[in-house]
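Here's a quick briefing to read with the model open in front of you. Take it topic by topic, and find each piece on screen as you go.

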Amino acid sequence: MSKRKNTVLFSILFIFVYLYLGKNSNLRGTRRFFISLQIAWSLMFGRLDPANAKDNTIIPGAHGFKPPISRRNPNNPKLNNPALVGARQNTGKGVSPGANKPPRAPSGLYGGATGSGGSGSGSPGDDSNPNNPRFNTKSSDQCQNPNYFNQAQKNKKKKNSRQVNKKRVIEAYQDFMSKMKKKGYEVNISEDRFLELSTNPQTGQYDEKSIFETEGGLELEANGMVNNLRRPDNPKVDLDFVAERVGSGETIFIDHKGMIDFGSLSDKGIDISGFPSHESVAFNMGKDSVDQKRKFIGMDQGPASMEEVVHLYNFENIRNRTETPLLMQAVLNGAEQAGYMNGIIFFNYK
Amino acid sequence: MENKFERIIENLEEEETLTLGDQTFLNEMILDEFIQCSILGTLTFFEVDFKRVDFTGSTFVNCEFKNCRFKDVILRKCEFWNPTFENCQIERSNLTRANFHKGTFRNCIFIKSNLTASNFSEFEFIKTKFNNSDLDLIGARSIKVWKLNQCTEIEESSNFGNLLENMSSDG
């Protein structure tokens, strides 16, 4: 209900109470006014208990509350979520099991009640079909209200904003410089340059991913393979960096890829038995990189050929160092299977 | 509404990477979070709304998203291994250069989202639509696309976006 409706309702109620008190009580003047106000307020909002309050759209300022999908239509229990309030009949028609039928969702938390077996156009009560207008209702209702996010934000008390600030990037710069020193590289990279490269070109802000990319790109520069490392001029050329190869001076595009160690999850007691092996991850990375080398060829200020795109594979996070030779081989195998094995650089593998 | 996920993020150390697994998040709203380069394994998100969450460069392994909504979410350069997306709406989100391996999008809808230069391998799209989304330079390997009980198999494509676009426009 809109604020205007609330205001009108409240005003009518107030006038009614005010007149009633005028006829049936001895209250006069401001006292009558305030008591009427109080009674009208109590009549309109007083019956709500705190648990229901946020669901009631009458309350001014309740726009910040999002009714969950399962409660989107409290007047029609058929539309409620099957997993939370019981299974709903699949309303699909004319779909018979057959070889050409799309695979069904496994039952479980979702209960399989709203699988893909609905009619093509979607029945009105079918949550599973994105064409169903109700599918879009939730976000549009909330997001049309410009105050929606603001209110939610106000209500939220963030203990810990994780947005990367300049201080964090400077710390990363200092770590990077001491790491390069330990590796025996003579580096002449200014803090400002590190800050500039660690800025996400899409958002204009510092972030963790950009810091990671910068560390890889600058290490390549530190060990004398490239110079003049910078972000691509054309943002559509979505590769991490562009630089010049030392010696030949030819322009190359660089993309920095890091391997994740799933051991960090098992350290926390998380079962990783169903996870892909590190080797299979490395194999796919190698395979995918070939496609990536092709993607931006011919774009304005992009690579002219696959030779101009170099992928850096960083094994820094792999704790079991005996694994790295296998992973390097897996990357090469993946690239070989995809048909192109050049432009691969490994680092932090010892 | 209890926001278990947000509480976990709030309890992280300042520079700690979010590493999380074996959990279910039900009926939550996750708003305005920066959780780049996270590692998330075996998580189920059921009826979870993600709004303005930055997951850039994160790795998701064996994660399920059911009846979830993503709005203004950044999944750029994310790696997804065996993900399942069911009845999800992905709106105004950035999936550029995201990699998806061995998973499914079922009854999902992408609205005004950017999937430029993303990659899909051994993936299935079932009744999934793309409205006003940027689908340039999408790479694909071993893909099945289901539409009206018809399956189209794609062995390899560097312009998979065209097919996805057709899939959406043919009703």
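**The chain A sheet**

In chain A, strand β4 (residues 309–314) and β5(A) run in the parallel sense where they pair, with four bridges between them. Keep in mind that this is a predicted model. From that pair we can work outwards to the rest of chain A, and then hop over to chain B.

- Two bridges are worth finding by eye: A:N314 sits opposite A:F347 in β5(A), and A:L312 has A:I345 as its bridge partner in β5(A).
- β4(A) also pairs with strand β3 (residues 251–258) of chain A, again in the parallel sense, this time over six bridges. Look for A:F253, whose bridge partner in β4(A) is A:V309.
- Zoom out and you'll see an open sheet of five strands, ordered β1-β2-β3-β4-β5 (chain A), with mixed pairing. At its edges are β1 (226–230) and β5 (344–347) of chain A, and each of them pairs on one side only. From one strand to the next, the twist averages 30 degrees.
- How much of β4(A) is buried? Five of its six residues are, so the strand is largely enclosed by the rest of the structure.

**Helix α12 and one of its residues**

- How do you get from β4(A) to β5(A)? Helix α12 (residues 324–338) of chain A joins these two strands in a right-handed β-α-β unit.
- A:E336 has its place in helix α12 of chain A. Is A:E336 buried or partly exposed? It has 14 C-beta neighbours inside 10 Å, and a residue needs 20 or more to be buried, so A:E336 counts as partly exposed.
- Now try a long hop: A:E336 and A:I15 are 321 residues apart along the chain, and their C-alpha atoms are separated by 82 Å.

**Chain A as a whole**

- Chain A has twelve helices and five strands.
- Its 350 residues include 32% that count as buried.
- The chain is divided into domain 1 (3–47) and domain 2 (171–347). How many Å separate the centres of domain 1 and domain 2 of chain A? The answer is 69 Å, taken over C-alpha atoms.
- Take the contacts in chain A between residues at least 6 apart in sequence: 57% of them join residues at least 24 apart.

**The nonpolar core**

- As a rule of thumb, nonpolar side chains tend to be buried together in soluble globular proteins.
- Here, the largest nonpolar core has 104 residues. Which of them touch the most other members? They are A:I254, A:A282 and A:V331.
- Pick A:I254 and look around it, skipping its neighbours within four places in sequence. Its contacts include A:G217, A:L220, A:L239 and A:D240. Also among them are A:F241, A:A243, A:V310 and A:L312. You've met A:L312 already, as the bridge partner of A:I345 in β5(A).

**The chain B sheet**

- Chain B has an open sheet of six strands with parallel pairing, in the order β2-β4-β7-β10-β12-β14.
- Why do β2 (29–34) and β14 (129–131) of chain B each have a side without a neighbour in the sheet? They stand at the edges with a single partner strand each, so one side is left without a neighbour.
- Neighbouring strands of this sheet are turned by 15 degrees against each other on average, ignoring direction.
- At the β14(B) edge, the partner is strand β12 (residues 109–111) of chain B, and the two pair in the parallel sense over three bridges. Two phenylalanines line up here, with B:F110 opposite B:F130 in β14(B).

**Two loop residues in chain B**

- B:N27 lies in the loop between β1 (19–26) and β2 of chain B. Its phi is near 55 degrees, a positive value in a residue other than glycine. There are 21 other C-beta atoms within 10 Å, so B:N27 is buried.
- B:D72 lies in the loop between β7 (69–71) and β8 (79–81) of chain B. Phi is near 55 degrees for B:D72 too, again positive in a residue other than glycine. With 18 C-beta neighbours inside 10 Å, B:D72 counts as partly exposed.

Note on methods
Residues numbered from 1 in each chain as written. Chains lettered and ligands numbered in written order. Predicted model: local features only at pLDDT ≥ 70, side-chain atom pairs only at ≥ 80, totals over all residues. Core = buried A, V, L, I, M, F, W, Y, C linked by C-beta atoms within 7 Å. Buried ≥ 20, exposed ≤ 12 C-beta atoms within 10 Å, placed from the backbone. Contact = placed C-beta atoms within 7 Å. Pairing = 2+ DSSP bridges. Axes fitted to C-alpha atoms, helices over the stretch in contact; angles between N-to-C directions. Domains from an automatic or database assignment. Right-handed = clockwise from strand over helix to strand, strands pointing away.
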